[in-house]
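Biologist: I am new to this structure and would like a short tour. May I begin with the sheets?

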Amino acid sequence: MSQAILGMENKIDIYNNLSDYIAYNQTISNVIGYKYDSSEYTSSFEVYKELRDVVDPLLSGVKYFNRDMRILTIYVDSDIVKHDSTIAPLSEVENEAWKMKLSQSADSDIYWFVDEAKKKAFLVRRMPLLEELKSEGYLYIEVEYDSLFEMFSKMESGKYGVVIYDEDGNEVYSFESFDDERYVLDSAVMYKGISSDENKRNYKIKSDGTRFTVVKKNTRQGWTAAIYKPDSVINMSIRSIISVVIVVSLVCIIIASLVATIVSRKYVGTIETLTDNMKAVEAGDYEVKIHSDSKDEIGTLIRGFGNMVDRINTLINEVYKGKLSQKEAEMKALQAQINPHFLYNSLSLINWKAIEAKQPDISRITLLLSKFYRTSLNKGKNITSIKDEISNIQSYIDIQLMMHDNGFDVEYDISQDIMDYSIPNLLLQPLIENAIDHGIDIKTDGRGLIKITGKMEQEGIIKLTVSDNGLGMPEDVAQQILTEGSKGYGVKNVNDRIKHFYGEEYGITVESEEGRGTDITILIPALSM
């Protein structure tokens, strides 16, 4: 009802605005409000030309853009000749009811008149600018009756009735879509029974017992619009709505149940699989495999559990291998405890036999060998002092000198201030062995010389060098001696041990020149025992 009334009022507002445009148009008023004694026009033909060339285009444009406008006429009291249907003398409507009502009104308000019997709706108003020219004029605009009230016939598809009354209680419009006469109310009786409160529901009962619900609403024009409908029709509509709602609800419940079942099977099935795998892991089976490509929380949980199981397997393998390595190390340590004692006892027996046989050389080499292995094994420790390391290589060199019939010379230049610092065990022996095998033994001219030097290179760094005057080696060979493909694997092993103990900034450098010899230098940090 509110929408229908709003649609009607919008149309009425359009025609009211058009009437303002015409009533206050100075050009139109100047033409139709002329007097014969005016100096502007000397004949009625000049007036006709002004009407044709000025007024007609304005009024025709208004009618063209508002197709529901049936008649637009301005009635004036001047001596103007009737011009088509747009200009007419006031005498033609002298006895019209609306004219008499406007004559009694002193304002320029707009008045709407509707005749339901004749299906006629029009507005009238005074022409203020004509009155300023000492003329009397009225504007009359008639519109399509059905178009003005068409919204009330399209309110709903069900059975209902509508009636509209003006401020005097006269019926201006009615519509009903009933196909049963017992549903038609007497409009006059209904109007009298409508309460004065807007939107108040009223209940009417016909003599046959038919009950109606009536709802009314006021308009800006002072009219009253009421819609009425039999309660049986309302109840029937409600029942049909309830039936539809019940059917739709049942369908929604069925669909929701199916969707819930499918979704729950998808997710619950995955969760059940995850639960089974958790139970298997709890029982000690770490070989279970579970994977999910889902991007939701369940997928994240499954992937996290799978990663955890993989990590546990990795840690188990690492711990297992670590224990195996530990057992192997313990076995080797046990062997190292047995073998040195057997070796020392054997060397001691050989020494006593050599003394009994009066073989001093054999006794000497036996003692040197026993000393060398004692310092090399170092009671199973990886770290020794520089002093003990020098003692170890002295025993080794003395044995080599006896094996080579003192065929080369050895020089020691070790600073006393570094003797108490620590050094990895058996660090110098492989370098001296390398100098003998690849330098001194293949030297063909002159006497071989091995020189061992050691000093504090700078604050906190110890420099140890093993030099020989052997044949030396090309520069590219010297650069490769510390690589994987090097034949001198003992030198590479020493370099790897240094870097493992102290870091990449420490290690071995090799300098060699063909025909001059080789210098192998060790840099280690000065650390106390």
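Biologist: In what order do the 5 strands of the open sheet with strand 12 stand?

Modeller: The order is 12-14-15-17-16, and the pairing is mixed. Strands here are DSSP runs (E, at least two residues) and helices are runs of H or I of at least four residues, numbered from the N terminus; two strands pair if DSSP finds at least two bridges between them. This is a predicted model: local features need pLDDT of at least 70, side-chain atom pairs count only at pLDDT 80 or more, and totals for chains, interfaces and linings use all residues. Residues are numbered from 1 along each chain as its sequence is written, and side-chain values use heavy atoms, with hydrogens and water left out.

Biologist: Which strands stand at the edges of that sheet?

Modeller: Strand 12 (408-414) and strand 16 (507-513) do; each has a single partner strand, so one side of each is left without a neighbour in the sheet.

Biologist: And how many bridges join strand 15 and strand 17?

Modeller: Strand 15 (residues 461-468) and strand 17 (residues 517-525) pair over 8 bridges in the antiparallel sense. Leu-464 has Ile-522 of strand 17 as its bridge partner.

Biologist: Turning to helix 8, how many residues does it have?

Modeller: Helix 8 (residues 231-282) has 52 residues. Asp-231, Val-233, Leu-274, Asn-277 and Val-281 in helix 8 are buried, meaning under 20% relative accessible area (exposed is over 50%, partly exposed in between; 1.4 Å probe, protein chains only).

Biologist: What follows helix 8?

Modeller: Gly-284 follows, with a positive phi near 110 degrees.

Key
Expected span 1.5 Å × (residues − 1).
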